[in-house]
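Student: Please take a close look at the aromatic ring pairs in this model and go through them in detail.

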Amino acid sequence: MATRLKTDQRVLNVLIYAGAGVTPECLRQCTESLKRLVGSKYAVSHITASILKTEPWQSTCALLVFPGGADLPFCRDLNGPGNRVIADYVRNGGAYLGFCAGGYYGSGQCWFQLDDPSQDVKGPRELAFFPGTCGGPAFKGFQYHCEMGAKAAKLSVRKEAFTGGQAPPDVFKSYYNGGGVFLNAEAMESDGVEILAEYADRIDFPSGKTQAAVVFCKVGQGRAILTGPHPEFSGTSLKSQPDIPGYDKLVEEVTADESARLEFLAACLSKMGLSLSPKAAWDDIPRLTTMLNIYCQGGHLESLLNRLTGRSYAVITDGSIWLEDKYGSDMFHLEWTTDGSWSTNYEPRKSDKITWRLNVGSKVAGQGDDESGTEFDHDIYYASLEEFRTLESSRGFSTWKQALGTTHGAWCPTLSWGNHLMYGDTVTSTNTLLSSNPQLLSKLESGFTFTATRQVAGRGRGNNVWVSPAGCLIMSTVINHSANVIASRPLGFFNYLAAIAIVEAIKGYDHEDDIYQKLDVKIKWPNDIYVRDPSKPNEPAYVKVGGILANCSYSAPNYQVVLGIGLNTNNAQPTTSLDALLKWTASMLEGEKPSPPPFNRERLVARIVICLEILYDHFLRKGFSDEVEALYYKHWLHTNQIVTLEDEDGVKARVLGITKDQGLLVAEEVMEDGIELNSWKGTGTMFQLQSDENGFDYWKGLIKRKV
C-alpha cells in the first residue's frame with residue numbers, strides 16, 4: 001500500500017498578472033502597495049499568461065490581481081483556456097482583484113470610449129464576475145499612454161459593506177485615469193454584488209441610480225473586487241508631470257489621503273479573506289542597502305582584492321576603483337579598509353544600473369553609518385565556522401564517513417569555504433545580484449557566500465518568489481565546478497546536495513543537544529524543505545519552510561553555480577518557522593524539556609556552508625553514490641507516493657527515486673489491483689522526469705510539464 005503523508009495546502013502567494021496590456025507603472029504601483037499591506041504574510045509575485053494557463057498555481061494562491069493598462073491584450077492572450085482557469089479558480093474559493101483595466105476585464109461587458117471611433121472598445125468579457133457592464137471612462141479627458149486625463153477622484157465609501165475586518169475611511173481621493181463605472185450595480189444585489197465605493201463627484205458616463213466605482217462580487221465559493229479608479233496608486237511615488245496642467249495638485253491631493261487610501265485597500269483585501277501585515281509595517285517600505293560589506297577571515301583579504309582588481313575588470317577613475325561588467329546588471333565601487341574606516345574617494349556615477357559600494361575588510365566597516373547594515377553579526381558567524389571546522393576535524397569526519405559509507409581513513413576534506421562572506425541588509429536578491437553580474441561572479445572563489453536580512457525580489461524556481469522578510473535565513477554560495485568533470489558530475493545534482501546539506505545542518509546545529517536530531521525536517525523534490533507542521537500536532541502534516549534555487553553560468557574553465565537558499569528560521573509567516581518546530585518538538589518530549597534558544601542565523605549559515613563543502617567534496621570524489629542517495633531518501637517525502645502524470649494522459653505512477661546518472665525522477669506506472677482499497681501494482685512501464693521541466697504539485701499528487 002502506498003505511504004501517504006499530508007502536506008498543509010496553505011495559500012502562500014498573491015499573484016499579479018504581468019502579461020501584455022499591463023503598463024509598467026500600474027504593475028509597479030500595484031506590487032508596491034500589496035507588498036506594504038500583505039507582504040509579511042504572502043509572497044507577492046508576478047505571473048505571466050503562459051504560467052497562468054499551464055502551471056498549477058491555484059492551490060497556493062490567495063489572490064489573483066489584474067493591474068491597469070488595456071484589457072484587449074488580456075483578451076487576446078487569455079480568452080478560452082486562460083479565462084477558464086481563472087474562472088474555475090475563483091468559483092472554487094479563490095479571489096480576484098481587478099484595478100481599472102482589470103475591472104473592465106472582470107465584467108460581463110466592456111464599453112469604453114464609445115463616442116470616439118478611433119478608440120472605442122465594446123464587447124463581452126468571458127470572466128463576467130460583475131454580471132453587468134463596466135462603462136467608461138467615468139470622467140472625460142482620457143488619453144492612451146499619457147496622464148493628461150488623470151485626476152484625483154473623490155470616493156464615498158459604503159462602510160456598511162465592511163464588517164468584521166479592517167475599517168475603511170468615509171471618503172478619500174484616489175488616483176484615477178480612464179477607469180469605468182459599474183452600470184446599474186445597485187440592481188444586482190441578488191446576484192451577489194455589493195457597492196463598496198461610489199464616485200462622489202458627478203461623472204460623465206450614464207450609470208443608473210448610483211455611480212459605483214468599486215464593487216464586490218460573490219462568485220460561487222469565491223469573490224472578486226473590481227475598481228474603476230486606482231486605490232493602489234500612492235501619491236508619494238507618482239512621478240512629476242510638469243507639462244500637464246494641474247498634475248502637481250493631483251499629486252498633492254492623492255498624497256494627502258495616503259493613510260485613507262491604504263485603509264480602504266486594506267479593507268478590501270480583508271473582505272476577500274486575506275491576512276494583513278501589522279499596520280505599523282505599512283509605512284515600513286524596504287529600501288535597498290547600496291552598501292555591501294565583504295568580510296575576510298584571517299589572511300584572505302589580499303587574495304580577494306587581487307581577484308577583484310584584475311586588469312580586465314577593474315576601472316580606475318580619479319583614484320576610485322570601479323568594477324564594470326558590460327554584461328552585468330549592476331555597477332560596483334570597490335573600497336577596502338583594515339581599520340574600519342571608509343574610503344573617502346567615493347563619488348556616485350550617473351548610470352541606469354544600481355550602484356553598490358563593496359567595502360572589503362577584515363572587520364565591520366562604517367560603524368555609525370546608517371547604510372552600513374549591521375544586523376548580521378559576523379563575529380558569531382566566523383566563530384561558528386571555526387567551531388564546526390574544529391569539530392569535524394577532531395572527529396576525523398567520522399559522522400560523515402558513517403553516513404556516506406566512506407571507510408577509507410584518508411578522506412579528510414580541507415575545509416576552506418566561507419572565508420569570504422558578503423552581507424547587505426536589504427538587497428534585491430542574493431542569487432540575482434551574483435548571477436546577473438558574470439564578471440564579478442567569475443572572480444569569486446568556491447565557498448564565497450552572500451547573505452542578507454531582507455530581499456525585495458527573492459527568487460524561486462520559474463517565476464516563483466519566496467517571502468524574505470526579517471527573520472528568514474537568506475544566503476547564496478558560489479561553487480566553481482570544473483567543466484572537466486561535468487559529464488560524470490552533472491549540475492542536476494546540486495539541488496539534491498543542497499537539500500541534504502540544509503537538513504543535516506539543521507539536525508547538526510548543536511552537537512551537545514540531541515533535540516535537533518529529533519526535528520522532523522523533510523525534502524520535497526526537487527528543491528523544497530518541509531517540516532512537521534507544529535499547528536497540527538495530531539496528524540502527520542508537513543508544510544514548506546524553505547527552498548533552493550541554483551543558477552549557473554560559464555567562465556572557462558568552470559561553471560559558476562550560485563546556490564541560493566531561503567529558510568524561515570525565526571519568522572513563522574507565511575507557513576511556519578524552524579523556531580516554531582523547535583519549540584513544539586521540545587514540548588512533545590518526555591519531561592517537558594525546556595525549549596532551546598531560537599535558531600541563530602549566523603550559526604546556521606556557517607553550518608550549512610560546512611555541510612555543503614563536505615558533500616560537494618564527496619560528490620567530486622565518488623559522484624552521487626549509493627550512500628548519498630540513501631541519505632537523500634532518508635529525508636525525502638516521496639517514498640512510494642502515488643502521483644498523476646498529467647502529460648502522460650493522466651496515468652497513475654508510483655515514485656521510486658531518482659537516477660544516479662542525471663538526477664531524474666523515476667516513477668513506475670501503476671494500476672489498482674482490485675483486491676485491496678487504495679492498493680496499486682506496477683505495470684513495468686517507467687517514466688523519467690527532469691526537475692527543470694516538470695512541476696510537482698505535492699498537494700494534488702500531480703506532476704505536470706512546465707512550459
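Tutor: What follows deals with the aromatic pairs and the elements they join.

The model is predicted, so local features need pLDDT of at least 70 and side-chain atom pairs count only at pLDDT 80 or more, while totals for chains, interfaces and linings use all residues. Residues are numbered from 1 along each chain as its sequence is written, and side-chain values use heavy atoms, without hydrogens and water.

Across the whole structure, a search finds 37 aromatic pairs (rings of Phe, Tyr and Trp, the last by its six-membered ring, with centres within 6.5 Å; planes under 30 degrees apart are stacked, over 60 edge-to-face, the rest tilted). One of them joins Phe 74 and Tyr 105 edge-to-face, with 5.3 Å between the centres and 80° between the planes. Phe 74 belongs to helix 3 (residues 72-78) and Tyr 105 to helix 5 (residues 101-105), so this pair ties together parts 31 residues apart in sequence (helices are DSSP runs of H or I with at least four residues, strands runs of E with at least two, numbered from the N terminus). Both Phe 74 and Tyr 105 are buried (under 20% relative accessible area; over 50% is exposed, in between partly exposed; 1.4 Å probe, protein chains only).

Phe 162 and Phe 264 form another edge-to-face pair, at 6.1 Å centre to centre and 70° between the planes. Phe 162 sits in the loop between strand 9 (151-157) and strand 10 (171-176), and Phe 264 in helix 7 (residues 258-271), so the pair ties together parts 102 residues apart in sequence. Phe 162 counts as buried at 10% relative accessibility, and Phe 264 is buried at 1%.

Elsewhere, one aromatic cluster is formed by Trp 417, Phe 493, Phe 494, Tyr 496, Tyr 616, Phe 619, Phe 624, Tyr 632, Tyr 633 and Trp 636.
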